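Colleague: I am new to this structure and would love a close look at one part of it. Could you pick a helix and walk me through how its faces are arranged and what surrounds it?

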Amino acid sequence: MVEVIDYAYRNFVWLVDEMMKNRDFMKEEDSKKWLNQKPIDELNRHKLEIHFKCAMSAFSMIRFVTDYMDDLPAPIIHQMIDCNDIPCALVPLLELKPWIR
């Protein structure tokens, strides 16, 4: 369970970093631009899309974990609150709203 929390935290940090660099990094682009795209650029776009979807899935995982906080052992709660500080990691994401493309 600790690994799941670490994974979600790393995805949250990556998502905040990407959105701070470019707020519209996941906005839909013109399809004509994709026709003239080099293969390496297409692979990079797919990589970014996969990483973004993994970060969005991390929201669901953390929500599920927090639903059962009362039943979790103390080390897992310690990992969420003290080591990774999940609540503070979620604040910028709630402001940036990455789920709205």
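Modeller: Happy to! Let us start on the outward side of helix H4, where the face turned away from the buried side carries the exposed residues Ala74, Pro75 and Asp82. Here exposed means over 50% relative accessible area, buried means under 20%, and partly exposed is in between, with a 1.4 Å probe and protein chains only. Helices are DSSP runs of H or I with at least four residues, numbered from the N terminus. Before going further, please note that this is a predicted model, in which local features need pLDDT of at least 70, side-chain atom pairs count only at pLDDT 80 or more, and totals for chains, interfaces and linings use all residues. Residues are numbered from 1 along each chain as its sequence is written, and side-chain values use heavy atoms, with hydrogens and water left out.

Now turn to the inner side. In H4, the buried residues are Ile76, Gln79 and Met80. Viewed down the helix axis, they fall within an arc of 90°, so they line one face of H4; the arc is that of the directions from the helix axis to the C-beta atoms. The spacing makes sense in general: an α-helix has 3.6 residues a turn, so residues three or four places apart point the same way.

What do the buried residues of H4 pack against? Their partners are H1, H3 and H5, where contact means heavy atoms within 4.5 Å. Gln79 is a good one to zoom in on. This residue of H4 counts as buried because its relative accessible area is 12%. Leaving aside neighbours within four places in sequence, Gln79 is in contact with Val2, Ile5, Asp6, Asn84 and Asp85.

That last partner leads us out of the helix. Asp85 sits in the loop between H4 and H5, and has a positive phi of about 50° although it is not a glycine. For background, most residues other than glycine have a negative phi. With 30% relative accessibility, Asp85 counts as partly exposed.

Past that loop comes H5, where Ile86, Ala89, Leu93 and Leu96 are buried. They cover an arc of only 90° around the axis, which puts them on the same side of H5. On the other side of H5, you will find Cys88, Leu94 and Glu95 exposed. The buried residues of H5 pack against H1, H3 and H4. After H5 comes Lys97, another residue that is not a glycine but has a positive phi of about 50°. Lys97 counts as partly exposed, at 41% relative accessibility.

Finally, let us place H4 in its wider setting. The largest nonpolar core has 23 residues, and those with the most contacts inside it are Phe12, Leu15, Phe25 and Phe52. Such a core is a set of buried Ala, Val, Leu, Ile, Met, Phe, Trp, Tyr and Cys residues joined through side-chain atoms within 4.5 Å. Helix H1 (2–21), H3, helix H4 (74–83) and helix H5 (86–96) each supply at least two residues of this core. Not counting residues up to four places away in sequence, Leu15 touches Phe25, Phe52, Ala55, Met56, Phe59, Leu93 and Pro98. Leu93 is one of the buried residues of H5 that we have just met.
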